[in-house]
Every structure is written in structure tokens, then in C-alpha cells.
Amino acid sequence: DVCSSDLPGSQSEGLYTKRVVVGNGSAYAQTNDGRLFSFSGAGVTKLDTPGKIDALAISPNGSLMAAFHNLGIYELNTSWVKRFDSPYGEITDEVDAHLAEMNGRVAFTITWYEKGQRIGSALYISEGDKLVPISR
């Protein structure tokens with residue numbers, strides 16, 4: 001068993017996950033405080049990220065994809081590689097986002113909240129090297 005205190009960079013208050021995805025023999029867990037860990041047969045590794053994670057997904061080839069707040073969508077190979085620029089302007093509020101890929105196309109949804117109230121949402125689909133709005 002792995003205790004949160006055994007994990008690299010963990011705090012004594014515990015490890016609480018916000019999102020978990022599984023692919024290519026690894027599980028990836030985003031903690032509530034924004035850290036990202038990889039769990040595999042080789043052990044547990046804390047992964048560096050380019051920014052705050054809004055969404056995680058596994059691509060059809062099994063690699064980890066992530067939407068980073070105001071930065072765009074990246075895929076983890078040996079390092080983070082940007083696949084798409086952020087399709088929306090700068091957002092400082094809380095968001096709820098989801099990410100998926102199928103048949104070479106990426107879908108990204110995002111909902112913005114201010115003081116707990118929903119203030120907007122959008123759905124984007126990839127076309128070439130851009131994410132285009134389908135609904136807003």
C-alpha cells in the first residue's frame with residue numbers, strides 16, 4: 001500500500017485526487033492542490049507540468065493529454081508537447097473542463113464559474129491545428 005506521506009512532495013494533510021485517468025500501463029492522478037502523479041509498475045512519480053491542470057485525458061495511442069489553464073492542450077511524450085493553443089481568452093475564474101480524443105479529433109468543453117455561479121460554457125472541436133468553437 002502507498003500512503004500519501006510516502007509520495008514525493010506530499011503534504012501531511014493527505015493526498016486527495018481530483019481526476020484519475022489510465023493509459024499505457026500507468027494511472028495518472030491530479031490532486032486537489034494541482035500536483036500530478038504517475039502510478040506504474042516502476043513506482044510513483046510526481047510529474048512537472050507547464051501550468052494549472054483544467055482537464056486530463058488519455059489519447060487513443062495511450063499517451064496522457066492535459067488542458068492547462070490559459071495555456072492550451074498538451075500531450076506528454078518524453079516532455080510536454082503543445083498540441084493546441086488555448087481556444088479562449090484569459091480566464092481567472094474557476095472552471096470545469098473535459099477533454100477527449102477520438103479518430104484524430106480532439107474535443108474540449110469548458111464551463112466558467114464566478115463565485116460559484118455558472119457564467120458561461122463552450123465546446124471546441126479540433127480542425128487541423130486549431131480548436132474551433134462548436135457552441136458558446
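Colleague: Before we start, what does contact mean here?

Modeller: Contact means heavy atoms within 4.5 Å, and please keep in mind that this is a predicted model.

Colleague: Fine, so which residues does Ala100 touch, leaving out those up to four places away in sequence?

Modeller: Ala100, which lies in strand 9 (residues 94–102), touches Ala57, Met65, Arg105, Val106 and Ala107. Leu56 is 44 residues apart from Ala100 in sequence, with a C-alpha to C-alpha separation of 8.3 Å in space.

Colleague: And why does Ala100 count as partly exposed?

Modeller: Because its relative accessibility is 39%, and partly exposed is the class between under 20% for buried and over 50% for exposed.

Colleague: Met65 was one of those contacts; which way does Met65 point from strand 6?

Modeller: Met65 and Ala67 point one way from strand 6, while Leu64, Ala66 and Phe68 point the other way, and all are buried. In a regular strand the side chains alternate between the two faces of the sheet.

Colleague: What does strand 6 pair with on the strand 5 side, and in which sense?

Modeller: Strand 5 (residues 53–58) pairs with strand 6 in the antiparallel sense over 5 bridges, with Ala55 standing opposite Ala67. The hairpin of these two strands has 5 residues between them, and Gly62 takes a positive phi near 95° there.

Colleague: How many bridges join strand 6 to strand 7?

Modeller: There are 4 bridges, and the two strands run antiparallel, with Met65 opposite Glu75 in strand 7.

Colleague: Changing topic, what is the mean pLDDT of the chain?

Modeller: The mean is 86, and 88% of the residues reach 70 or more; among the elements, strand 12 (residues 130–135) has the lowest mean pLDDT, 89, and strand 8 (residues 80–85) the highest, 96.

Note on methods: Residues numbered from 1 in each chain as written. Predicted model: local features only at pLDDT ≥ 70, side-chain atom pairs only at ≥ 80, totals over all residues. Heavy atoms only, no water. Buried < 20%, exposed > 50% of the residue type's maximum accessible area, 1.4 Å probe, protein only. pLDDT = per-residue confidence, 0-100. Pairing = 2+ DSSP bridges.
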